[in-house]
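Biologist: I'm new to this one, so please give me a close look at a single part: the surroundings of ligand 1. Start with the overall layout, and finish with a few residues elsewhere to get my bearings.

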Amino acid sequence: MMRPSGQAPATSLPIGSDADLAWVRQQVRQYAAQLGFGLVQQTKLVTAASELARNTLVHGGGGQAEITALDDGRSRGLRMRFTDQGPGIRDLELAMTDGYTTGGGLGLGLSGAKRLVHEFHVDTEPGRGTTVTAVAWVTQVPSSRPGAG
Ligand SMILES: Nc1ncnc2c1ncn2[C@@H]1O[C@H](COP(=O)(O)OP(=O)(O)OP(=O)(O)O)[C@@H](O)[C@H]1O
Ligand SMILES: [Mg+2]
C-alpha cells in the first residue's frame, strides 16, 4: 500500500456519546501500542485523549477525534486531534489554568492533557468551535549497545 511519506493513514472517530469516548480510548491505546510506546506512555496518551475527548463531548457538544500515526524518519509518534463546532473558548489562557472550569469539573483536563504529551496546540474561536491537537513521540530508553563506548 502506498502511503504519503512519513505518515500512516489517519482514523477519524465520532464523539457523540460516552460509548464513543470508550472507543476513542481503546483506539488510542491500540495505536500507541502498535507504534511502540511503552506502557507508561500509552497510559499517558489514553488519559490525555480521554480528557480532550470528554471536553469535545461536554463543552463542544460533540465532534470528531482524528488519530494519526507519525513517522518523520527518526521517530515514531502519535497525533490526536479533537474537533468540535461548539461555542469555542473565549479566554484560552484562563481555560488552560489548573483548576479553571466553567462546568463544575476539576478544571484539570486541558492543563493536565498538555503535561502528558510533547506538543500541544489549541485552535479556538468563539462561536465557531475548538480544535485541540496533541502529539507524543516514542521516547527510546537509552540502551547499552554492544560495541558502543
Ligand atoms: N472543546 C471545548 N469547547 C469549549 N470550551 C472548552 C472546550 N474544552 C475546554 N473548554 C473550556 O475550558 C475549561 C477548562 O477545561 P478543562 O478540561 O481543563 O476543565 P473541565 O472540563 O471544566 O473539568 P475537568 O477537570 O473535569 O476536565 C472548561 O471548563 C471549558 O470552559
Ligand atoms: Mg475537561
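**Around ligand 1**

Modeller: The protein has four helices and five strands; these are DSSP runs, H or I over at least four residues for a helix and E over at least two for a strand, numbered from the N terminus. Read from the N terminus, their order is β-α-α-β-β-α-α-β-β. Keep in mind that this is a predicted model, in which local features need pLDDT of at least 70 and side-chain atom pairs count only at pLDDT 80 or more, while totals for chains, interfaces and linings use all residues. As for bookkeeping, residues are numbered from 1 along each chain as its sequence is written, chains are lettered from A and ligands numbered from 1 in the order in which they are written, and side-chain values use heavy atoms, with hydrogens and water left out.

Now to your ligand. The space taken by ligand 1 is the largest pocket. On a 1 Å grid over the protein atoms alone, a pocket is an open set of points with protein on both sides within 12 Å along at least five of seven lines, and a molecule sits in one if more than half of its atoms lie within 2 Å of its grid points. Two elements, α2 and α4 (109-116), each give two or more residues to the shell around ligand 1. Helix α2 has the largest share, with three residues.

In total, 20 residues surround ligand 1, and Asn55, His59, Thr101, Thr102 and Gly107 come nearest; being near takes a heavy atom within 4 Å. Sorted by type, the shell has six nonpolar, eleven polar and three charged residues. Here Ala, Val, Leu, Ile, Met, Phe, Trp, Tyr, Cys and Pro count as nonpolar, Asp, Glu, Lys and Arg as charged, and the others, Gly among them, as polar.

Some backbone atoms pair up with oxygen atoms of the ligand. For Gly107, a backbone N or O atom is 2.8 Å from a ligand 1 oxygen, for Leu106 the distance is 3.2 Å, and a polar backbone atom of Gly109 is 3.1 Å from an oxygen of ligand 1. On its own, ligand 1 would expose 590 Å², and the protein buries 92% of that (Shrake-Rupley areas, 1.4 Å probe).

Back to α2, which spans residues 39-58 and includes Ser50. Ser50 counts as buried because its relative accessibility is 17%, and buried means under 20%, exposed over 50%, with partly exposed in between (1.4 Å probe, protein chains only). The Ser50 side chain makes a polar contact with that of Arg25, at 3.2 Å; such a contact is a pair of N or O atoms within 3.5 Å, and within protein one must be able to donate a hydrogen and the other to accept it, with residues adjacent in sequence counting only if both atoms are side-chain atoms. Val24 is 26 residues from Ser50 along the chain, yet their C-alpha atoms are 7.6 Å apart. Ala48 is in α2 too, and it is buried, at 0%.

For contrast, look at Gly16, in the loop between β1 (7-15) and α1 (18-35). Gly16 is exposed, with a relative accessible area of 52%. Its C-alpha is 4.9 Å from that of Gly62, 46 residues away in sequence. Over in strand β3 (residues 76-84) you'll find Arg79, which counts as buried at 18%. Across the protein's 149 residues, 39% count as buried.

Note on methods. 1 Å grid on protein atoms, 1.4 Å probe; cavity = no way out; pocket = protein on both sides within 12 Å on 5 of 7 lines; lining within 4 Å.
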